[in-house]
Amino acid sequence: MSFLAVQALAAGYGGRQVLKGVSLEAEAGQLVGVLGANGSGKTTLLKAVCGILPHTGACALDGLGLEGLPPRQLARRCSYIPQRSGIAIDLSALEVVLMGFNPRLGLLERPTPAMRAEARAALARVGLAGREEENYLHLSEGQKQLCILARTLVSGGGLLLLDEPESALDLRYRSRMLGLLQSWVRQGRRAALVALHDPALALNGCDRLVILEEGRVRGVLDPASDPLEEMERQLAAVYGAVSLCRCRGRTGHSQLVLLKEPDEPAG
């Protein structure tokens, strides 16, 4: 039985159906990327899985159905990071990370010293050491995303859902973010479902890739083992003609390099 199982998920907005029967699976320890053109349903998928968006179909985590769980219990198992946090009040970076412990605290309980230490360590892990007392609203957009990632890392759930977490990060921090997620999912029974904008990052950072097209799953790729020609064919549905090759960097690690082929001239 898969750790995350999504069956025939359908959802939309204002009577317009966006997801049209999406099914996918993830094993414990896997980082699963979601690729697709704008409007293909990536954000809708994440919102439906975590219960933010009403849907039909079923989502189960480690054998437990997520539909119908009280919000507090769902928050203990599943964390969603949108493209923008929605935080609009003055809070320190440390206070934002401490919010990740809220599902484990009672109504009037305050974070323990151990929780505060864990929150500081999480900020250091994402590259924000020394910024604990800075106003979250004064951070750059990329730093805000890293702060929210730190909050999620301390939340203790088994499933992370992230919507284009790399969008405001530079090259160095994109790689760091994927490395943190890879490390997180491999600690115990955990998985992450991540909508990504950068296909090269997805190919080299994810264990499995789900390609959405017009609200349906077009294909599922295993970047480590699938033939390059098959991956090129599937990715072309999103990006147009592409070429892939495998190469080794200076450290000896194998990587996939993606090249966008020129579009065919019209007419």
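This is a short walk through one structure, from its annotation and its sheet to its salt bridges, cavity and pockets.

Keep in mind that this is a predicted model. Everything I quote is computed from it or taken from a record.

Start with the record. An unreviewed UniProt entry carries the annotation "domain: ABC transporter", and that annotation covers residues 4–239. What does the chain look like over residues 4–239? It is 34% helix and 26% strand. The end C-alpha atoms of that stretch are 28 Å apart.

Next, a sheet. There is an open sheet of four strands, in the order E2-E1-E4-E5. The pairing is antiparallel. Which strands sit at the edges? Strand E2, residues 16–26, and strand E5, residues 64–65. Each of these pairs on one side only. In general, strands of a sheet pair through backbone hydrogen bonds, either parallel or antiparallel. Look at the E5 end. Strand E4, residues 56–61, pairs with E5 over two bridges, in the antiparallel sense. Leu-61 stands opposite Leu-64 in E5.

Now helix H1, residues 42–49. Is it enclosed or not? Six of its eight residues are buried, so H1 is largely enclosed by the rest of the structure. The buried ones are Lys-42, Thr-44, Leu-45, Leu-46, Ala-48 and Val-49. Just after H1 comes Gly-51, with a positive phi of about 85 degrees.

On to salt bridges. How many does the structure hold? Eight. I will take three of them.

The pair of Arg-120 and Glu-133 has an N to O distance of 3.4 Å. Arg-120 lies in helix H4, residues 113–125, and Glu-133 lies in the loop between H4 and helix H5, residues 141–153. So this pair ties together parts that are 13 residues apart in sequence. How open are the two partners? Arg-120 is partly exposed, at a relative accessible area of 36%. Glu-133 is exposed, at 56%.

The next one sits within H5. Glu-141 and Lys-144 meet in a salt bridge at 3.3 Å, N to O. They are three residues apart in that helix, separated by about one helical turn. The general background is simple. An α-helix has 3.6 residues a turn, so residues three or four places apart point the same way. Are the partners buried or exposed? Glu-141 is partly exposed, with a relative accessible area of 38%. Lys-144 has 14% relative accessibility, so it counts as buried, the limit being under 20%.

My last pair is Asp-198 with Arg-174, at 3.0 Å, N to O. This salt bridge links distant parts of the chain, 24 residues apart. Asp-198 is in the loop between strand E8, residues 191–195, and helix H7, residues 199–205. Arg-174 is in helix H6, residues 171–185.

Now the empty space. How many cavities of 30 Å³ or more are there? One. The largest cavity has a volume of about 30 Å³. Its lining is Ile-81, Pro-82, Gln-145, Leu-149, Leu-162 and Pro-165. By class, that makes five nonpolar, one polar and no charged residues.

Then the pockets. The largest has a volume of about 450 Å³. It is lined by 15 residues. Nearest its centre lie Ser-175, Ala-200, Leu-201, Asn-204 and Gln-255. Which elements give two or more residues to this lining? H6, H7 and strand E12, residues 254–260. H6 gives the largest share, seven residues. The lining divides into four nonpolar, eight polar and three charged residues.

The second largest pocket holds about 350 Å³ of space. Here 16 residues form the lining, and those nearest the centre are Ala-75, Cys-78, Ser-79, Tyr-80 and Pro-103. Helix H2, residues 71–77, strand E6, residues 78–81, and H5 each supply at least two lining residues. The largest share, four residues, comes from E6. By class, this lining has 10 nonpolar, five polar and one charged residues.

To set the two linings side by side: the largest pocket has eight polar residues, and the second largest has five. For nonpolar residues, the counts are four in the largest pocket and 10 in the second largest.

That is the tour.

Technical notes
Residues are numbered from 1 along each chain as its sequence is written. This is a predicted model: local features need pLDDT of at least 70, side-chain atom pairs count only at pLDDT 80 or more; totals for chains, interfaces and linings use all residues. Side-chain values use heavy atoms; hydrogens and water are left out. A salt bridge is a side-chain nitrogen of Lys or Arg within 4 Å of a carboxyl oxygen of Asp or Glu. Buried means under 20% relative accessible area, exposed over 50%, partly exposed in between (1.4 Å probe, protein chains only). On a 1 Å grid over the protein atoms alone, a cavity is a set of points where a 1.4 Å probe fits but cannot get out, and a pocket is an open set with protein on both sides within 12 Å along at least five of seven lines; lining residues have an atom within 4 Å of a point. Grid points are joined across faces, edges and corners, and a volume is the space filled by probe spheres set on the points. Ala, Val, Leu, Ile, Met, Phe, Trp, Tyr, Cys and Pro count as nonpolar, Asp, Glu, Lys and Arg as charged, and the others, Gly among them, as polar. Two strands pair if DSSP finds at least two bridges between them. UniProt positions are given in the numbering used here, feature names are shortened, and annotations may be inferred rather than shown by experiment.
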